[in-house]
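Open the model in your viewer and keep the selection panel at hand. The stops below say what to select and what is found there.

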Amino acid sequence: MSSTATLETLLRDPSLNKPLRDIAEKVAQQQRITPEEGVMLFEEAELAYLGILANYIREQKQGDNTYFNRNFHIEPTNLCVYTCKFCSYSRLIKQRHEGWEYTMEDMLDIVYKYDGEPVTEVHIVGGVLPQYDVPFYVELFKKIKAHRPELHIKALTPVEYHYIFKKAKLSYEEGMKIIAESGVDSLPGGGAEIFHPEIREKIAGDKCTGEQWLRLHEIWHQLGRRSNATMLYGHIENYSHRIHHLEELRKLQDKTGGFQTFIPLKFRNKDNEMSHLEEVSTIEDLRNYAISRIYLDNFGHIKAYWPMISRSVAQMALSFGVDDIDGTIDDTTKIYSMAGSEEQNPAMSTRDLVNLIRSVGRRPLERDTLYNVIQDYTDFAFEEDKQFRGYLDLPVVNQ
Ligand code: V47
Ligand code: SF4
């Protein structure tokens, strides 16, 4: 049954209560839901209902299209001057011996390692340390661009930018202009956590505020550039904090149109100061994807980050509003393996990613960072698959 027919069936269901029917009607008519309705969905709506609405919106916007890209990460350091309570990654205080601090050459060597490989993006993000300042990063970005101009640099979050601009006595506007000119193409979505000050102060009190995060993205968008947004959920926040976060993003997107995708990040509880908290269930993850899809009507894409939630949940998420499952990654990130993710060495071949998408009936599209389609893999045959000719080629014995 099509997603439109499924939504029509839901609307005919006499057992659906009025508030949920009103929201479903709004979705069918491409109308925006209110913050109060958003909180109500979190509090009351069942997964099956949310899936019908979110899948309808996903298919209206993207059909079966499911995007991925080929990328690698550089994490300059896992030492950090900040002390976010959820972070399993920063080693500054207790275990400095487990830390790494890459030099400029180390980072360029990582880039050179991918020479000749069909990657389109490098994602650079890590801890915050004083030696990684504006001149350091400007030189790094310029050197990467000089070496491989077409490689898209998606680098640093407002957490780093706020810190390095303050140290260099630059206004946000001046700093972002320097960064744009040095070769950074877009900003990843990290550092957003939860914008609401009540929660942010408790879990990430010493780094940039929610307002500062939003302001830096706004300035970046005003320079004509694109960025992503995230939300760290499933810890001490409540549903109205999540909706407040989504509302702030929706408002900024109305103003600038500069966000490309929204990535909900599930809190993982291994080895951090919030390890006593239980992780939320997969059902809650899927509900959160679906409500994000319903609420953020002005976002083109919702991304599931498979290294964090596992491949099978990423596949399920494709029926709950998600149309993007990030990239091949090639075992270059440690943020989630250190926080307890099932994926201890996250890497997927293009064939694995394509099969993961195809096996749930969606259309795999390799994209660049700006969502231009590089290759449609719907009917693509990989060399490995061609070698297995099945039983059709068995010799026919003439009798
Ligand atoms: O801001 C840290 C999160 C983020 C934990 O833009 C944790 O394409 C869960 O933003 N449990 C950084 N999450 C990563 C990030 C990202 C990832 C993939 C793609 C993109 C993109 C951006 O990781 C941090 C924080 O919210 N994080 N520790 C943890 N224990
Ligand atoms: Fe530092 Fe980022 Fe970890 Fe916070 S989440 S302590 S800013 S590395």
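This is a predicted model. Start with a helix pair: select Pro19, Leu20, Ile23 and Lys26 in α2, then add Glu37, Met40 and Leu41 in α3, the residues they meet. By class, this contact comprises five nonpolar residues, two charged residues and no polar ones.

Now extend the selection to the whole of both helices, residues 18–28 for α2 and residues 35–44 for α3. Their axes come within 11 Å and cross at roughly 120 degrees. The crossing in which α2 passes α3 is left-handed.

Next, step back along the chain to Leu16, in the loop between α1 (3–12) and α2. Is Leu16 buried or exposed? Its relative accessibility is 13%, so Leu16 counts as buried, the cut-off being under 20%. Show the contacts of Leu16: leaving aside residues up to four places away in sequence, it touches Leu10, Arg21 and Tyr49. For a distance check, pick the C-alpha atoms of Leu16 and Pro76, which lie 52 Å apart in space and 60 residues apart in sequence.

Move on to the sheet. Select β9, β1, β10 and β11: in that order they form an open sheet of four strands with mixed pairing. Its edges are β9 (324–327) and β11 (373–376), each of which pairs on one side only. From one strand to the next, the twist averages 30 degrees.

Within this sheet, isolate strand β1 (residues 65–69) together with β10. The two run parallel and are joined by four bridges. Which residue of β10 is the bridge partner of Tyr67? The partner is Leu365.

Keep Leu365 selected and look towards β11, where Asp376 stands opposite Leu365. Strand β10 (residues 363–367) and β11 run antiparallel, with three bridges between them. Another pair to label is Glu366 and its bridge partner in β11, Gln375. The hairpin of β10 and β11 has five residues between the strands; one to inspect is Tyr371, which takes a positive phi near 70 degrees.

Before leaving β10, colour it by accessibility. Why is β10 largely enclosed by the rest of the structure? Four of its five residues are buried, so the surroundings cover most of the strand.

Another strand pair comes next. Select strand β2 (residues 71–74) and view its two faces. Asn71 and His73 are on one side, Phe72 and Ile74 on the other; all are buried, and both faces are covered. Add strand β3 (residues 121–124), which pairs with β2 in the parallel sense over four bridges. Opposite Phe72, in β3, is Val122.

The last stop is ligand 2. Which residues surround ligand 2? Select Cys80, Tyr82, Cys84, Phe86, Cys87, Tyr89 and Ser90, then add Gly127, Val159 and Lys207 to complete the set. Coloured by class, this shell divides into seven nonpolar residues, two polar and one charged.

Technical notes: Residues are numbered from 1 along each chain as its sequence is written. Chains are lettered from A and ligands numbered from 1 in the order in which they are written. This is a predicted model: local features need pLDDT of at least 70, side-chain atom pairs count only at pLDDT 80 or more; totals for chains, interfaces and linings use all residues. Side-chain values use heavy atoms; hydrogens and water are left out. Axes are lines fitted to C-alpha atoms, for helices over the stretch in contact, and angles run from 0 to 180 degrees between N-to-C directions. A crossing is left-handed if the near helix is turned anticlockwise from the far one by less than a right angle, and right-handed if clockwise. Contact means heavy atoms within 4.5 Å. Ala, Val, Leu, Ile, Met, Phe, Trp, Tyr, Cys and Pro count as nonpolar, Asp, Glu, Lys and Arg as charged, and the others, Gly among them, as polar. Two strands pair if DSSP finds at least two bridges between them. A residue is near a molecule or strand if one of its heavy atoms lies within 4 Å of it. Buried means under 20% relative accessible area, exposed over 50%, partly exposed in between (1.4 Å probe, protein chains only).
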